[in-house]
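Biologist: Let us go through this model together. I will ask what each label rests on.
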Amino acid sequence: MSGKKLVRPRDGRKVSGVCLGIADYIGIDAAIVRILWVVGTLIFFGAGILLYIACIFIIPEDDNTIDVDFTEK
């Protein structure tokens with residue numbers, strides 16, 4: 001397991017950090033995710049707004065802690 005977690009970061013967010021968290025998780029620029037989200041919202045008649053609100057409650061907010069693994073390899 002890579003240890004990568006989907007979270008909403010506190011730093012760099014525009015609204016609530018959903019798109020930034022998704023971008024960080026998949027490794028692309030947040031602007032691309034934001035543009036795709038807006039385009040998807042327009043294409044699917046506003047469904048992206050409801051999905052965004054759901055993601056605010058589903059994706060946890062980053063607690064700014066550093067995970068340290070002390071196990072020997």
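Biologist: Which element has the lowest mean pLDDT, and which the highest?

Modeller: This is a predicted model. Among its elements, helix 1 has the lowest mean pLDDT, at 93, and helix 2 the highest, at 95. For the protein, the mean is 87, and 85% of the residues reach 70 or more.

Biologist: What does the secondary structure come to?

Modeller: It comes to three helices and zero strands. From the N terminus on, the order is α-α-α.

Biologist: Why is Val33 called buried?

Modeller: Its relative accessibility is 7%. Buried means under 20%, so Val33 counts as buried.

Biologist: Where does Val33 lie, and what does Val33 touch?

Modeller: Val33 belongs to helix 2, residues 30–43. Leaving aside residues up to four places away in sequence, Val33 touches Cys19, Ile22, Ala23 and Ile28. Leu20 is 13 residues from Val33 in sequence, and their C-alpha atoms are 7.7 Å apart.

Biologist: Which residues of helix 1 are buried, and what covers them?

Modeller: The buried ones are Val18, Cys19, Leu20, Gly21 and Ala23. Their cover includes helix 2 and helix 3. For Cys19 the relative accessible area is 8%. The cut-off is 20%, so Cys19 is buried.

Biologist: How do you know that Cys19 is in no disulfide?

Modeller: A search of the whole structure finds zero disulfides. The nearest cysteine sulfur to that of Cys19 belongs to Cys55, 8.5 Å away. A disulfide needs the two sulfur atoms within 2.5 Å, so Cys19 and Cys55 do not qualify. From the other side, the nearest cysteine sulfur to Cys55 is that of Cys19, and Cys55 is in no disulfide.

Biologist: Is Cys55 buried or exposed?

Modeller: Buried. Cys55 has 13% relative accessibility, and the limit for buried is under 20%.

Biologist: What makes the nonpolar surface patch, and which elements contribute?

Modeller: Leu6, Tyr25, Ile26, Ile28, Ile32 and Leu36 make a patch of about 530 Å². Helix 1, residues 18–26, and helix 2 are the elements that give two or more residues to the patch.

Biologist: Why is Tyr25 called partly exposed?

Modeller: Tyr25 lies in helix 1. Its relative accessible area is 37%. Buried is under 20% and exposed is over 50%. A value of 37% falls in between, so Tyr25 is partly exposed.

Biologist: How many salt bridges are there, and which side chains meet?

Modeller: The count comes to one salt bridge. The side chains of Glu61 and Arg10 meet there, at 3.7 Å from N to O. The cut-off is within 4 Å, so the pair of Glu61 and Arg10 counts as a salt bridge.

Biologist: What parts of the chain does the pair link?

Modeller: The pair links distant parts of the chain. Glu61 sits in the segment after helix 3, residues 47–58, and Arg10 in the segment before helix 1. They are 51 residues apart.

Biologist: Why are Glu61 and Arg10 called partly exposed?

Modeller: Glu61 has a relative accessible area of 34%, and Arg10 has 44%. Partly exposed lies between the 20% and 50% limits, so the label holds for Glu61 and for Arg10.

Biologist: What makes Thr41 buried?

Modeller: Thr41 has a relative accessible area of 14%. Buried is under 20%, so Thr41 is buried. Its place is in helix 2. Not counting residues up to four places away, Thr41 touches Gly46, Ala47, Gly48 and Ile49.

Biologist: Why is Phe45 called exposed?

Modeller: Phe45 has 80% relative accessibility. Exposed means over 50%, so Phe45 counts as exposed. Phe45 lies in the loop between helix 2 and helix 3.

Biologist: What is the phi of Phe45, and what of Gly27?

Modeller: Phe45 has a positive phi of about 55°, although Phe45 is not a glycine. Gly27, just after helix 1, takes a positive phi of about 85°.

Biologist: What about the protein's totals?

Modeller: Of its 73 residues, 25% count as buried. The protein exposes about 5,800 Å², and carbon and sulfur atoms supply 66% of that area. Among contacts between residues at least 6 apart in sequence, 40% join residues at least 24 apart.

Note on methods. Residues numbered from 1 in each chain as written. Heavy atoms only, no water. Helix = DSSP H or I, 4+ residues; strand = E, 2+ residues; numbered from the N terminus. Buried < 20%, exposed > 50% of the residue type's maximum accessible area, 1.4 Å probe, protein only. Contact = heavy atoms within 4.5 Å. Patch = residues over 30% accessible without salt bridge, like charges linked within 9 Å, V, L, I, M, F, W, Y side chains within 5 Å. Areas by Shrake-Rupley, 256 points an atom, 1.4 Å probe, with all protein chains shown as cover. pLDDT = per-residue confidence, 0-100.
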